[in-house]
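Let's take a walk through a protein model together. Have the sequence and the 3D view ready, and look for each part as we get to it.

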Amino acid sequence: FSGKGTDTEVFQKSLAGKGAFSIKEGSLKTLDFLQGVGGTLEKTLSQFQAKNASDYKELQTKLDNKSFRELNTNFEVKQGAVHTPNLTVTGGGWVLRASGRTTLEGSMDYDGQLLLGEEFARLSLLRQFRSSEKEVAIPIKISGFMEDPSIRIDTKTLAERAAKNLAKQKIEGALKKSEDKLKKSLNKLFR
């Protein structure tokens with residue numbers, strides 16, 4: 001690290017450096033990130049489907065745990081901010097991958113994806129948004145201050161994925177019906 005100046009503002013703006021860090025078995029004490037995601041996700045999902053209180057409660061319960069298994073990132077300090085191009089936080093059944101910056105005053109601006117694992121993908125509430133059989137990828141933007149983050153979900157991407165999944169499901173259903181009819185016809189023909 002390097003920096004110069006006797007005034008805090010001048011010093012912060014001149015501070016520069018690069019590095020990497022990894023934390024194992026930690027907790028997001030001041031950044032109540034997962035609860036914020038859960039609340040935002042609940043509001044977003046209610047736009048797409050009827051509200052099922054037990055599904056929301058189960059989702060929120062799964063997201064209430066603030067502990068993480070591992071946090072990794074490279075960083076660069078420049079122009080009064082810590083830039084993290086590859087922040088990865090791994091928790092119980094979820095992974096956050098994001099890039100962005102946090103100023104030395106504590107404001108932040110990150111774009112990323114919250115990848116919810118198989119136990120989340122099985123929830124009926126999230127099934128239509130799955131990015132694969134075993135995962136739900138939620139595009140998010142985190143901004144504001146660490147003590148009170150604003151978490152937004154890219155609802156357009158989620159709506160497009162839900163429509164695509166529904167279309168795929170309908171096509172697969174139609175193909176299955178056609179296949180069954182063809183089998184019956186062939187069985188009658190070749191008896």
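In what follows, helices (at least four residues) and strands (at least two) are runs assigned by DSSP and numbered from the N terminus. One thing to keep in mind: this is a predicted model.

**The overall picture**

Counted that way, the protein has five helices and seven strands. Starting at the N terminus, the elements run α-β-α-α-β-β-β-β-α-β-β-α. The protein has 191 residues, and 33% of them count as buried. About 11,900 Å² is exposed, with carbon and sulfur atoms supplying 52% of that area. What about contacts along the chain? Among those with a separation of 6 or more, 52% are between residues 24 or more positions apart.

**The core**

Which residues of the largest nonpolar core touch the most other members? They are Val89, Trp94, Leu96, Leu114, Leu116, Ile138 and Ile140, out of 23 residues in that core. Several elements give two or more residues to this core, including strand 3 (81-90), strand 4 (94-103), strand 5 (107-116) and strand 6 (136-145). Helix 4 (118-121) and helix 5 are also on that list. Zoom in on Val89: leaving out residues up to four places away in sequence, Val89 touches Phe68, Glu70, Leu71, Trp94, Val95 and Leu96.

**A pair of rings**

Now for the aromatics. The structure holds one aromatic pair. The ring centres of Phe21 and Phe75 are 5.9 Å apart and the planes sit at 50°, so the pair is tilted. This pair links distant parts of the chain, as Phe21 belongs to strand 1 (residues 17-27) and Phe75 to strand 2 (residues 67-78), 54 residues apart.

Strand 2 is also where you'll find Thr73. The side chains of Thr73 and Asn86 are joined by a polar contact of 3.3 Å. Not counting residues up to four places away in sequence, Thr73 touches Ala20, Phe21, Thr84, Asn86 and Leu87. So one of the two ring partners, Phe21, turns up here as well.

**Who is covered up?**

Here are four residues from our tour, with their relative accessible areas.

| Residue | Relative accessible area | Class |
|---|---|---|
| Phe21 | 36% | partly exposed |
| Phe75 | 15% | buried |
| Thr73 | 3% | buried |
| Gly117 | 19% | buried |

Why does Gly117 count as buried? Buried means under 20% relative accessible area, and Gly117 comes in at 19%, so it makes the cut. Phe21, at 36%, is partly exposed because that value falls between 20% and 50%.

Where is Gly117, then? It lies in the loop between strand 5 and helix 4. Setting aside neighbours within four places in sequence, Gly117 is in contact with Gly93 and Lys134. Its C-alpha atom is 9.6 Å from that of Glu133, a residue 16 residues apart from Gly117 along the chain.

**The last helix**

Finish with helix 5 (residues 155-189), which has 35 residues. From its first C-alpha to its last, helix 5 reaches 51 Å, close to the 51 Å expected at 1.5 Å a residue. At the N-terminal end, Asp154 caps helix 5, with a side-chain oxygen 3.2 Å from the backbone nitrogen of Lys156. Which residues of helix 5 are buried? The buried ones are Leu158, Arg161 and Ala162. An α-helix has 3.6 residues a turn, so residues three or four places apart point the same way.

Key. Residues numbered from 1 in each chain as written. Predicted model: local features only at pLDDT ≥ 70, side-chain atom pairs only at ≥ 80, totals over all residues. Heavy atoms only, no water. Expected span 1.5 Å × (residues − 1). Buried < 20%, exposed > 50% of the residue type's maximum accessible area, 1.4 Å probe, protein only. Polar contact = N/O pair within 3.5 Å; in protein donor to acceptor, adjacent residues only side chain to side chain. Phe/Tyr/Trp six-rings, centres within 6.5 Å; stacked < 30°, edge-to-face > 60°. Contact = heavy atoms within 4.5 Å. Areas by Shrake-Rupley, 256 points an atom, 1.4 Å probe, with all protein chains shown as cover. Core = buried A, V, L, I, M, F, W, Y, C linked by side-chain atoms within 4.5 Å.
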